[in-house]
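Biologist: I would like a close look at one part of this model, the strands and what surrounds them. Please take it slowly, as I am new to reading structures.

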2 protein chains.
Amino acid sequence: MILLTNDDGFTAPGLRAVWDALSLETEAIIVAPETEQSAVGHAITLANPLKIKEMKEDGRLLGYAVTGTPADCVKIAVTELLPEPPKLVISGVNQGSNMGSCVIYSGTVSAATEAAIMGVPSIAVSLDSWDDRDFSVAAEFVRTFYPSVLKNGLPEGVALNVNVPALPRDAIKGVMVTRQGISRVIEKFDKRVDPRNHTYYWLAGELTFSDTHGGTDCEAVEEGYISITPIHCDLTRKDFLDPLRSWDISF
Amino acid sequence: MILLTNDDGFTAPGLRAVWDALSLETEAIIVAPETEQSAVGHAITLANPLKIKEMKEDGRLLGYAVTGTPADCVKIAVTELLPEPPKLVISGVNQGSNMGSCVIYSGTVSAATEAAIMGVPSIAVSLDSWDDRDFSVAAEFVRTFYPSVLKNGLPEGVALNVNVPALPRDAIKGVMVTRQGISRVIEKFDKRVDPRNHTYYWLAGELTFSDTHGGTDCEAVEEGYISITPIHCDLTRKDFLDPLRSWDISF
C-alpha cells in the first residue's frame, strides 16, 4: 500500500493528480490535512487532539482527512489508520517549488522526512509554479519513478525531494540528482492598519537563490531538469565541528 | 543589541532567565511569540497577519510579543521592529531538550536557523528537563559563552544548538562539541471519544535515542556535559548522491 499526503489539503489538485496516476495500478490511500497547511515546517500537533474524517467518492474509500499537519498525517496513518505500514509515502504534488534553504519551511517535505524517520521510504514532489495548475507531468514522473524507489530502497532516514519544472512533457530535459542550494526570502512586511486602528503586519518578500557552485536543485530546475535531492534530518554542519572545538570554551 | 526569543512564549521562565543574566551587562531586547509555540517546527505565518504588542515592565521596554511562530519573530524583529540588525540571536532557554532527530520539530532551534539564514549569528539553548524549572545554570552558561560567539563569529548559515543537562552548576562536567544524534519518538496515539460520540486522537509516545557511534548531543548531555552542535539548514544527504546517480532513472 502506498500512502499519499501533502500540505495543500486533501482536495488539492496536485494530490489528486498523483491519486489518478497511481490508484489504477497500485493500492493507494490518502491521509492528508483537512485544510491547507503551507509553510508549517515540520510541525506536529501536541496541544490539541486530531480528528479524522473518512473520505469517500462514489462509495469508494479515498482515505482520511486529518485536522493536523502533514507530519501528523504520516504519524497517525502509519500508527493508527492503515492496516499495515505503507511500503512508500508520496507527499505532493505541491503547488510551488521546495528547493534551496526554503525546504525547511515545507510541510510537503516534512511529511517525507517524517516517513524517513519512521523507517518508510518516501518522496516529496513539488511543481515549480505558484499558479500553473497542470500537475499531470509531475504526476506522470511519479508514476514512472516510484518503482525505482521500491526496487533500490533508500538508506535509513533518507527521503527524496523532487522538484519538477512547470513545462510541457516534451520540454523536460531529463532528471538530475542534485544537492540542496542556498536560497533566501528577502523579507518585506506589509504594514497595515485594521478597522480598529491597530497596526498589523503581513509577510511578503521575494525568493532569491544565491548558490552558484553547480549541481543544485534550483539550477537543475531552472535549466529544465527534474531535480532529485536525497535529504535527511541531520542538521549537523560537519565541517565546523573541528573549528568549533578550537574555541576556548569552558564552563 | 542582542535579540532574545523562544518558542515557549514571551513570559516563559527560561527566556526570563536569559534576560536576567544578560540585560544588566549588554543591550538586549525580547521579540517572542505571545503564546506557546512548541513543536511548530520551522513554521512561518503566511495566511494570517502578525500583530505586535509592546511589553514593558516598570516603565522599561522588555520587547514585543508577536502573534506568530519563533521564525516569524526573528523575521519581523530583524526586518521591522529593531532599530538595527541584532549582532546575535539567542533562542531559549527551552523547557525540554532539542537533541537528535527531534531538532526538526523544534521552534526554539528554528528561530536560530532563521537568524542564520538572515546572516545573524545565533544560539538555541535548551534545558534537558520537562519539569525542572531552574534555568539559572543554562542562563549562566549563555552569559559566559555568548562573547565567544561574537569574538569568533560563525560561518554563513550556521547556528549553534546548545543543550544543558538539568544538573546543579557543580555537577556539570564541562562543554562538548557534538554532532546531532538519531532519535525517534515511538508514536502512540491515545484514542478517545468526545461528548458527542466522535473519536479523536491525542499524540503520546516515548522518545528514544538510537545512535551509538559516539560524539552525539544526546550522549554528551546524558553524561553531564553541555553539548554544542553546529547546525545549518542544508538537508542534503551527501553520501547518497552517487549511489542515487547509479539508479536507472530516465524521463
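Biologist: How many bridges join β1(A) to strand β2 (residues 28-33) of chain A, and do these strands run parallel or antiparallel?

Modeller: Please keep in mind that this is a predicted model. Three bridges join β1(A) to β2(A), and the two strands run parallel. One residue pair to look for is I2(A), whose bridge partner in β2(A) is A28(A). Strand β1(A), residues 2-5, also pairs with strand β5(A), residues 88-95. That pairing is parallel too, and four bridges hold it. Here L4(A) stands opposite I90(A) of β5(A).

Now step back to a whole sheet. An open sheet of 11 strands draws on both chains, with mixed pairing. Reading across, the order starts with β9(A) and β10(A), then goes over to chain B with β3(B), β4(B), β2(B), β1(B), β5(B), β6(B), β7(B), β11(B) and β8(B). The edges are β9 (183-193) of chain A and β8 (174-177) of chain B; each has a single partner strand, so one side of each is left without a neighbour in the sheet. On average, neighbouring strands of this sheet are turned by 25° against each other, with direction ignored.

The step from one chain to the other lies between strand β10(A), residues 199-209, and strand β3(B), residues 50-57, which are antiparallel and joined by two bridges. Two residues of chain A are worth finding there. Y200(A) stands opposite K51(B) in β3(B), while Y201(A) has L50(B) as its bridge partner in that strand.

Helices pack on the sheet as well. Helix α1(B), residues 13-22, touches β1, β2, β5 and β6 of chain B, and its direction makes about 135° with that of β5(B). Helix α2(B), residues 70-81, packs on the sheet too, touching strands of both chains: β9 and β10 of chain A, together with β1, β2, β3, β4 and β5 of chain B. The direction of α2(B) makes about 135° with that of β2(B).

Back in chain A, helix α1(A), residues 13-22, meets another helix, α4(A), residues 136-152. Their axes come within 9 Å and cross at roughly 45°, and the two helices are therefore oblique to each other. The crossing is right-handed. On the α1(A) side the contact is made by A17(A), V18(A), D20(A), A21(A) and L22(A), and on the α4(A) side by S136(A), A139(A), E140(A), V142(A) and R143(A). Sorted by class, this contact has six nonpolar, one polar and three charged residues.

Last, consider how the two chains are related. A turn of 180° and a shift of 0.0 Å along the axis lay chain B on chain A with an RMSD of 0.0 Å. That is the relation of a two-fold axis. In chain B, the residue that comes closest to the rotation axis is G41(B), its C-alpha being at 2.6 Å. The contact between the chains takes 69 residues from chain B and 68 residues from chain A. The chain B side of it has 38 nonpolar, 20 polar and 11 charged residues. Of the interface residues of chain B, 99% are also interface residues in chain A, so the copies meet through the same surface.

Key: Residues are numbered from 1 along each chain as its sequence is written. Chains are lettered from A and ligands numbered from 1 in the order in which they are written. This is a predicted model: local features need pLDDT of at least 70, side-chain atom pairs count only at pLDDT 80 or more; totals for chains, interfaces and linings use all residues. Axes are lines fitted to C-alpha atoms, for helices over the stretch in contact, and angles run from 0 to 180 degrees between N-to-C directions. Angles under 35 degrees count as roughly parallel, over 145 as roughly antiparallel, 65 to 115 as roughly perpendicular and the rest as oblique. A crossing is left-handed if the near helix is turned anticlockwise from the far one by less than a right angle, and right-handed if clockwise. Two residues are in contact if their C-beta atoms, placed from the backbone, lie within 7 Å. Ala, Val, Leu, Ile, Met, Phe, Trp, Tyr, Cys and Pro count as nonpolar, Asp, Glu, Lys and Arg as charged, and the others, Gly among them, as polar. Two strands pair if DSSP finds at least two bridges between them. Copies are superposed by least squares on the C-alpha atoms of residues with pLDDT of at least 70 in both.
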